[in-house]
Amino acid sequence: MKRVHFSRSWKKRLAAFLLPLSVLWGAPAGLLPQGGQSCVEAAEAQQEAKDFGRGETMSEMSKEELMQAINEARAMLRAQYGENKRITDGEYDKSLAVKCVNGTFVGKKTENIIAYRGIPFVGKQPSGELRWKAPVDARPDDGVYEAYYNAKSAYGNEQLETGSLFYQDEDCLYLNVWKADETSAQKKPVMVWIHGGAFEAGGTVDPMFDCHNFVKENPDVIVVTVAYRLGPFGFLHLSHLPDGADYPDAQNLGLLDQLMALQWVHENIAGFGGDPGNVTIFGESAGAGSCTLLPLMNGSHAYFKRVIAQSGSPNQTRSAEEAISCTNELMEILGCKTVRDLQKVDAQKVFEASAALTLRQFPERDSRHLPLDTYAAYENGAAKDIAFLQGCNKDEFDFFVYGFGVEGFKAWAADRKSKWLAGLPEKDKKLVESFERDAKGESYEKDSRFFSHIWFIDPIFKLSEAQTKAGGKSYTYYFTPESSLPIMKCGHSIELASVFNHPEMTGDTGRVFDETFSKTMRKMWVQFAKTGSPSLGAELSPDGKAKEWPLYDLKDKSVMVLDEFDIHPEKEAERKIVDWDRSYLLTKYYMLLPIQSGK
């Protein structure tokens, strides 16, 4: 079974995310593990986290020590686990309780921030006969329930994302809510976070996505984080199988889960003090891809009015042919012929077999839930009523070079590229050759830059172009601060610590980014969620200087350069971010999957 292997440095990254995580050290007492870990154990864990977080011995760690660190990190994360129970004795703090359609949920308050964790947003969880079925509407319930603990993560690749180090289960469709404990005459804007992880990893339990710090700094918004099915449970084409007609949605269940979560937010967030008419969805990587695909789904516009997409776009999809190829590969590994056969296989075994499909499991352009051409849909005005804030990082794919290791990345890139190039017309092959011939730098950089452009950078601009042509609003950014880690540079996802106000999480950044810069980013995100424009007046800007963010336009293609010490607007032509004559033309192939749809 083929699997992408992650380097030693990647395992350091996962360990670094957890060992100094804010819920274990330097955190309010109420954020410490609550799954039965004693105060003494928690204190010891804090000290261990601090010691490891200093990075004094990481470079000297053996493979065995690194694996031990990962196991300890996993244990620390799982120490937070607890089961939310029904409250039947009436003994609970009524001020922390919110009545929703499917029950009354009681949160926990820390430093004037109330967190509600593990709230189900479906009527039944997607296991048993509901595996590979569309999510079920939440059902009316008069019960009172604890909302103290994160739910289990969806089955996901634990080598890829921290959230997948947590307990995993098909029983996974839950959300979390953070709000300031204050009364307000007006309903607050709502920001709904969709996590990334290549559609096959991650979870809301990831400490990076703990929104306590974010809401403490910005008490005028409410933040929700949502889970969804991943990999073979969220994105598996089944309709071509002999009994597949009963599973018409299997190829895009993860997106349907997200839509169901947004429906729940729409129906219930007012009880938390949120405005259901002012919802912004935001995400990074696969989460950003999701945020740009949801506007193309029928009925979705009722649930949100703005999108923030960080390093993700509608190119993160695959054709029916590509999806069927993955399904057939999985079926062969498991020795199955029908969906009935698959249903008999334990979920863990299905998930383990899907390792062969790593970085190939994406939503499907199925013409049922998503259009066959996502960019054409945008250009034709499918989302012109929704405002967008979107952008990319300068060295996106160096994140994966860092993760795979240089030699591992070169092998992966060569394999991926050769299989994809085999089906290309000669004129397009020449575009690839020309682009890579001009790439400067280390041996891996020709491929790293090429994949950066095809997967992340150019598609973002393609969406800005399409949305602008349709008459919609698009605010576009270019993020440039660099990590102190070798190779990483300004790689994929390194902006997350700034966005979520977790400066202590340096697993990707290797250092703490400038505090004023990071706070300014957050203010821009919040201002966009509140008003539809990310521009900041001098009175709102952390450095006291106004930040005027121009709309993207077809002539100057204006972007906001998020430089650590000089946030400023700039014409794309001056920065030369996109290769309009070569890599941009190849975005029609979406994610460069081995089997193409004949475009």
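This is a short viewer tour of a predicted model, going from its open sheet to one strand, one asparagine, two helices and a few aromatic pairs.

**Stop 1: the sheet**

Start with the strands in cartoon view. You should find an open sheet of 11 strands with mixed pairing, in the order β3-β4-β6-β8-β7-β9-β10-β11-β12-β13-β14. Now pick out 108–110 and 568–571: these are β3 and β14, the edge strands, and each has a single partner strand, so one side of each is left without a neighbour in the sheet. Look along the sheet and you'll see the twist, which averages 25° from one strand to the next.

**Stop 2: strand β8**

Select residues 222–226. That's β8, a mostly covered strand with 5 of its 5 residues buried. Turn on the side chains and check both faces: Ile222, Val224 and Val226 sit on one side, Val223 and Thr225 on the other, and all are buried.

Next, bring in the neighbours. Add 174–180, which is β6; this strand runs antiparallel to β8 and is joined to it by 4 bridges. To see how they line up, find Leu175, which stands opposite Val226 of β8. Then add 188–194 for β7, which runs parallel to β8, with 5 bridges joining the two. A handy marker here is Trp193, whose bridge partner in β8 is Thr225. Trace the chain from β7 to β8 and you pass through helix α4 (residues 212–217), in a right-handed β-α-β crossover.

While β7 is on screen, colour 274–284 as well. This is β9, parallel to β7 and joined to it by 6 bridges. Met191 is the residue to click, as it stands opposite Thr280 in β9.

**Stop 3: Asn176**

Go back to β6 and centre on Asn176, which lies in that strand. Is this residue buried or exposed? Asn176 is buried, because its relative accessible area is 1%, and the cut-off for buried is under 20%. Draw a distance from the side chain: one of its polar atoms lies 2.9 Å from the backbone nitrogen of Gly118. Show the surroundings too. Leaving out residues up to four places away in sequence, Asn176 touches Tyr116, Arg117, Gly118, Asn150, Thr204, Val223, Val224 and Thr225. The last three take you straight back to β8, where Val224 is on one face and Val223 and Thr225 are on the other.

**Stop 4: two helices across the sheet**

Select 445–469 to light up helix α15. It lies across β10 (306–310), β11 (387–393), β12 (474–479) and β13 (558–562), running at about 160° to β11. Then select 515–531 for helix α17, which lies across β7, β9, β10, β11, β12 and β13, at about 150° to β10.

**Stop 5: aromatic pairs**

The structure holds 48 aromatic pairs, so just visit a couple. Show Trp412 and Trp455 as sticks: their rings pair edge-to-face, 5.9 Å centre to centre with 85° between the planes. Trp412 is in helix α13 (residues 406–421) and Trp455 in helix α15, so this pair ties together parts that are 43 residues apart in sequence. Both count as buried, Trp412 at 10% relative accessibility and Trp455 at 3%.

Last click: Trp420 and Tyr589, another edge-to-face pair, with 5.5 Å between centres and 80° between the planes. Trp420 is in helix α13, while Tyr589 is in the segment after α18 (572–575), so here the parts tied together are 169 residues apart in sequence. Trp420 and Tyr589 are both buried.

Definitions and conventions. Residues numbered from 1 in each chain as written. Predicted model: local features only at pLDDT ≥ 70, side-chain atom pairs only at ≥ 80, totals over all residues. Heavy atoms only, no water. Buried < 20%, exposed > 50% of the residue type's maximum accessible area, 1.4 Å probe, protein only. Pairing = 2+ DSSP bridges. Right-handed = clockwise from strand over helix to strand, strands pointing away. Polar contact = N/O pair within 3.5 Å; in protein donor to acceptor, adjacent residues only side chain to side chain. Contact = heavy atoms within 4.5 Å. Axes fitted to C-alpha atoms, helices over the stretch in contact; angles between N-to-C directions. Phe/Tyr/Trp six-rings, centres within 6.5 Å; stacked < 30°, edge-to-face > 60°.
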